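Work through the exercises below with the sequence and the model side by side, and try each task before reading its solution.

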Amino acid sequence: MKLINDIINELIDTEKSISSPLLKTKVLASRLQNEVLLNWVSNELKGYDTAGDLPDYRKYNGNITGTYINGSMQYNDQPVPTIGLKKELEEMLHSMDFYQSISSLETLKGENKSGKLEHTFPAELTGIIHQNWRKMGNPYLQLVNCKKSISVNAVVEILSFVRNNLLDFMLKIDSEFGNITEIEELKTKKEEIATIMNQTIINNSGDGNVLNTGEKANITATININKGNKEELAKHLQDIGLSEADTTELIDIIDTEEPNFDNKTFGQKVNTWTQKMLGKALDGSWNIGIGAAGSLIAETVKTYYGM
């Protein structure tokens, strides 16, 4: 079918915008009366309105950094911990979701010169993070400003996902039904086309996007630590990529202070160690996205303490 071939030819030309093949796909979806395909392509063209509609491949976690004063020293653009905040708030702070249309994302990619996308938190949110950090054992700390950022590679990945998966869908349709020339005959293949779409677009939603300086680093870890068991704690820390020296450092200090079980916060020594690990996630010496790093450390230490 000529329409499908036209879409394929435009998709394989990476110099061309994705908007044109998406518009042609919208025509195809309308003629096939495929509501799922039509909704997906319409959302990609105009942008997504609600979080419930946003697909996983448009959801990322950003790095949180800020400028703060501790005592007489000022630190600029350094990792800011969010451990101790309510889970929903912590997730919101790290979340960097992309609702924009494909054409807007293409423009964003083309015009961005810094290689980084940033969002500065309003004073109210910065104040909440500031108070939480002070409660963690830093009474003299003053958080001046705070922001979340992500590499512009996130946008590149979204555009690549849409192009590649739409191409997979069209190639599969062409392979299965390339001998069909009339749209009415292709309509009779609704169930087969729906299955192909599920295999190539709908359920193929990425790999848990967590970025660290532009590179994906996704770690899924089951925490098997019994309360107070240092051997299990050490093994888990090394399983998630921490060095033996960093692991030993936490093992040596974790029982020298008591956490606050009411506020679910850790002692000053553990907080200082945590900040050090977040710094390693940020500079790449611990190969994991900083958003994932904070969550992994928090849940690991909480499990050890039995919190």
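The exercises that follow treat two helix pairs, a cavity and a pocket.

This is a predicted model, in which local features need pLDDT of at least 70 and side-chain atom pairs count only at pLDDT 80 or more, while totals for chains, interfaces and linings use all residues. Residues are numbered from 1 along each chain as its sequence is written, and side-chain values use heavy atoms, with hydrogens and water left out.

**Exercise 1.** Describe how helix α1 packs against helix α2.

Solution. Start with the geometry: the axes of α1 (residues 2–11) and α2 (residues 19–32) come within 9 Å and cross at roughly 155 degrees. That angle makes α1 roughly antiparallel to α2 (the term applies over 145 degrees). Next, list the contact (heavy atoms within 4.5 Å): α1 contributes Leu3, Ile4, Asp6, Ile7, Glu10 and Leu11, and α2 contributes Ser20, Pro21, Lys24, Thr25, Val27, Leu28 and Arg31. Finally, sort these residues by class, which gives 7 nonpolar, 2 polar and 4 charged.

**Exercise 2.** Repeat the analysis for helix α4 and helix α6.

Solution. The axes of α4 (residues 87–94) and α6 (residues 123–135) lie 13 Å apart, at an angle of about 125 degrees, and that makes α4 oblique to α6. In the contact, Leu89, Met92 and Leu93 of α4 meet Leu125, Ile128 and Ile129 of α6. Sorting by class then yields 6 nonpolar residues, with no polar and no charged ones.

**Exercise 3.** Which residues line the second largest cavity?

Solution. Begin with the search of the whole structure, which finds 2 cavities of 30 Å³ or more; the second largest has a volume of about 30 Å³. Its lining consists of Leu28, Leu32, Leu37, Phe169, Ile173, Leu186 and Ile193. The elements giving two or more residues to this lining are α2 and α7 (153–177). By class, the lining has 7 nonpolar, no polar and no charged residues.

**Exercise 4.** Which helix gives the most to the lining of the second largest pocket?

Solution. The second largest pocket has a volume of about 210 Å³, and its lining includes Thr14, Glu15, Lys16, Glu106, Lys109, Val156, Arg163 and Asn164. Both α5 (102–111) and α7 supply at least two residues of that lining, but α7 gives the most, with 5 residues. As a last step, the classes come to 3 nonpolar, 4 polar and 5 charged residues.

Technical notes: Axes fitted to C-alpha atoms, helices over the stretch in contact; angles between N-to-C directions. Helix = DSSP H or I, 4+ residues; strand = E, 2+ residues; numbered from the N terminus. Parallel < 35°, antiparallel > 145°, perpendicular 65-115°, else oblique. Nonpolar A, V, L, I, M, F, W, Y, C, P; charged D, E, K, R; others polar. 1 Å grid on protein atoms, 1.4 Å probe; cavity = no way out; pocket = protein on both sides within 12 Å on 5 of 7 lines; lining within 4 Å. Points joined across faces, edges and corners; volume = space filled by probe spheres on them.
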